[in-house]
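Let's take a walk through this model together, starting with a few surface details, moving on to the ligand, and ending with the charged pairs. Keep the viewer open as you read.

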Amino acid sequence: MTSILPPGVGQQAFDAALQAFADVVGDDGLLKSASALKEYSDPYAFAADDVFTPSAVLLPTSVDQVSAILGIANQYSVPLWAVSQGRNLGYGGGAPRVRGSVVVSLRRMNRVLEVNEECAYAVVEPGVSFIDLYEHLRAGGHKLVVSVPDLGWGSVVGNALEYGRGYTPLGDHAANHCGMEVVLPDGKLFRTGMGGLSRGNSWHVYRHAFGPSLDGLFMQSNFGIVTRMGVWLMPTPEWYLSGSVSVKREADLAPLIDIVRKLLLDRVIENYPVLANPLTVAACSSTRDRWYQGEGPVPESVIEDICREMGIGRWNMRFALYGSEAMVDAQFAAVTAALSRIPDVRIDGRRYKGDTPPDEIPPMDRSQIGIPSLDILAAVKWRGEAGGHMGFSPVSPLVGQEVRRQCELLRPIMNQHGFDYMGGILVSPRCTLHILEFIYDAADEGQVREARQGCKALLKAAAAAGYGEYRSHLEHMDDVARMYDFNDGATMRLNNLIKDALDPNGILSPGKQGIWPRAMRPRQCTREAAS
Ligand code: ADP
């Protein structure tokens, strides 16, 4: 790999900046090797594509070091890119939006600072992964459950900041954090909410405090580096029931959604259910050539074969119930009665004591009780060993006809680009996050390019139909930001004002979520523009 410089920074200035960084983080906290830079590049780009590649990686171990790094970056005009674990691979992993940025990886700030059993929360540094927190809770004998996403290696902080999701009743991770500590782009320390009191005791139990709530400013943004966060936990329930529902026909999706909405709004189901289509289910335990070796997307007839052989439906939902034995039984009876209105529906429930050891719970029932894993990584190998994926994730109201309409609009576009429709629908009481995964062989440049084109085509169609995306790969951040066009781009105008006020030198994560510093703004919105 040829040596990469941050844009607008000469070799001499960059060398001086690196020396200053090394003086702060130590030689072992500054990585420049090709393998390190690769680890913090887009993991699913093809080999020759180095647009999202850093010039160096820093591994601070303390808040003071983070603050000093920001000071040096301001002095030398070096763009930084902050990540916690940097493992949200389908959206670009630890890679920066601007080629040559210096990645600040917070992996070594990985202490669980507090577990509060009474009020059911933990306080973590950004490098703490879900697996770390889970193991910490177990080792301490705490009767607390952490909501985990599909992949347990990601950080609790990074996932919440990106509006990530898990599957317990606290599965909306952004909504269930409480209290952040942030280093602002000028290196100064700030605490949100009740953390504004220097001698308070309610930072991680009450969110709003006095005056504007500022937490949201630091989520999916480039306005600060979050160095600690409170995260709410669920007391271990007496009983846990993992339920599965499958419906036979595509047309059953709309009634299923409408019934589930009522069950969620009535709080019969309190967790965050998820739906998957047959190819998504099949990809978790098999590869594509096991079912189909032809060209183009897997045909309908083969999808029918998959459903029959695997004993699954056209849509398959997982949900969970928690509480006393009597409560769980009563809720399951109510769920069964409501869903039985769908012809040929299949409903199963598997009940466990809340503190059942993880190895006595089958893998498919683990995440809803907060047991993290990496199982779902297998699905990425659907089209080859060097599997890659890129997610497209629009939002919709939790209304049957709306969800169906979104599927009918987007599925054919994926197919036209030669991709199988791999759909996961994350369900909340009032909305869905529809995750459409382009799964490809990352060793095949043609497939990677086609996935990017397919994603762009989905964006265009979704924007025309009024669907906004909630998260995006680096590649499409500008496009998604432009979808939010109300009042001639009022959202971005305000973001730009805040960016200029907090980060006048534009050193923190330029381009994140389409928010650019003033000096780069005229060049924004093309892939290579900021390289
Ligand atoms: P994960 O830990 O789940 O792998 P990442 O570390 O990749 O997640 O974080 C996802 C994105 O969130 C990053 O690309 C970055 O833009 C932002 N982010 C992550 N951690 C922080 C942080 N501590 N402060 C500010 N932004 C962050």
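A quick definition to begin with: a residue counts as buried under 20% relative accessible area, as exposed over 50%, and as partly exposed in between. Keep in mind, too, that this is a predicted model.

With those cut-offs in hand, go to Ser77, in the loop between helix H3 (63–76) and strand S3. Its relative accessible area is 44%, so Ser77 is partly exposed. The backbone is what makes this residue worth a stop: Ser77 has a positive phi of about 55 degrees, although it is not a glycine.

Now for another serine, Ser55, which sits in the loop between helix H2 (34–39) and strand S2 (56–58). Is Ser55 buried or exposed? With a relative accessible area of 6%, Ser55 is buried. Its side chain has a partner as well: a polar atom there lies 2.7 Å from the backbone oxygen of Gly100.

On to the ligand. Which residues come nearest to it? There are 20 residues around the ligand, and of these Ser84, Gly86, Arg87, Ser155 and Val226 come nearest. Sorted by character, the shell splits into 8 nonpolar, 9 polar and 3 charged residues. Strand S3 (80–83), helix H5 (156–161) and strand S10 (225–232) each supply at least two residues of that shell, and the largest share, 3 residues, comes from S3.

Step back to the domains and the position of the ligand makes sense. Both domain 1 (11–105) and domain 2 (112–235) give residues to the shell, so the ligand lies between them.

Zoom in again for the polar contacts. In the side chain of Ser84, an N or O atom is 2.7 Å from a nitrogen atom of the ligand. Asn88 brings a polar side-chain atom to 2.9 Å from a ligand oxygen, and Lys512 has a polar side-chain atom 3.0 Å from an oxygen atom of the ligand. How much of the ligand does the protein bury? Taken alone, the ligand exposes 550 Å², and the protein buries 96% of that.

Next, the charges. Side chains of opposite charge can pair when their charged atoms come close. In this structure there are 37 salt bridges, and a few are worth following one by one.

Start with Arg111 and Glu125, whose side chains meet in a salt bridge at 2.7 Å, N to O. The pair links distant parts of the chain, 14 residues apart: Arg111 is in the loop between strand S4 (102–105) and strand S5 (112–116), while Glu125 is in the loop between strand S6 (121–124) and helix H4 (130–139). Glu125 has 5% relative accessibility, so it counts as buried.

Further along, the side chains of Asp344 and Arg249 meet in a salt bridge at 3.1 Å, N to O. Why does this pair tie together parts that are 95 residues apart in sequence? It does so because Asp344 lies in the loop between helix H9 (325–339) and strand S15 (346–353), whereas Arg249 lies in the loop between strand S12 (239–247) and helix H6 (253–265). Both ends are partly exposed, with relative accessibility of 48% for Asp344 and 34% for Arg249. Asp344 also has a backbone feature to look at: phi is near 60 degrees, a positive value in a residue other than glycine.

Then there's Arg452, which forms a salt bridge with Glu475, the closest N and O atoms being 3.6 Å apart. Arg452 lies in helix H11 (residues 445–465) and Glu475 in the loop between H11 and helix H12 (477–483), so the pair ties together parts that are 23 residues apart in sequence. Here the two partners are buried, Arg452 with a relative accessible area of 7% and Glu475 with 11%.

Salt bridges can also be followed from residue to residue: Glu250, Glu300, Glu304, Arg314 and Arg411 are linked in a network of them.

One last stop is Asp375, in the loop between S15 and strand S16 (387–392). At 42% relative accessibility, Asp375 counts as partly exposed. From Asp375 to Gln19 is 41 Å in space, C-alpha to C-alpha, and the two are 356 residues apart in sequence.

Key: Residues numbered from 1 in each chain as written. Predicted model: local features only at pLDDT ≥ 70, side-chain atom pairs only at ≥ 80, totals over all residues. Heavy atoms only, no water. Salt bridge = Lys/Arg side-chain N within 4 Å of Asp/Glu carboxyl O. Helix = DSSP H or I, 4+ residues; strand = E, 2+ residues; numbered from the N terminus. Buried < 20%, exposed > 50% of the residue type's maximum accessible area, 1.4 Å probe, protein only. Near = heavy atom within 4 Å. Polar contact = N/O pair within 3.5 Å; in protein donor to acceptor, adjacent residues only side chain to side chain. Areas by Shrake-Rupley, 256 points an atom, 1.4 Å probe, with all protein chains shown as cover. Nonpolar A, V, L, I, M, F, W, Y, C, P; charged D, E, K, R; others polar. Domains from an automatic or database assignment.
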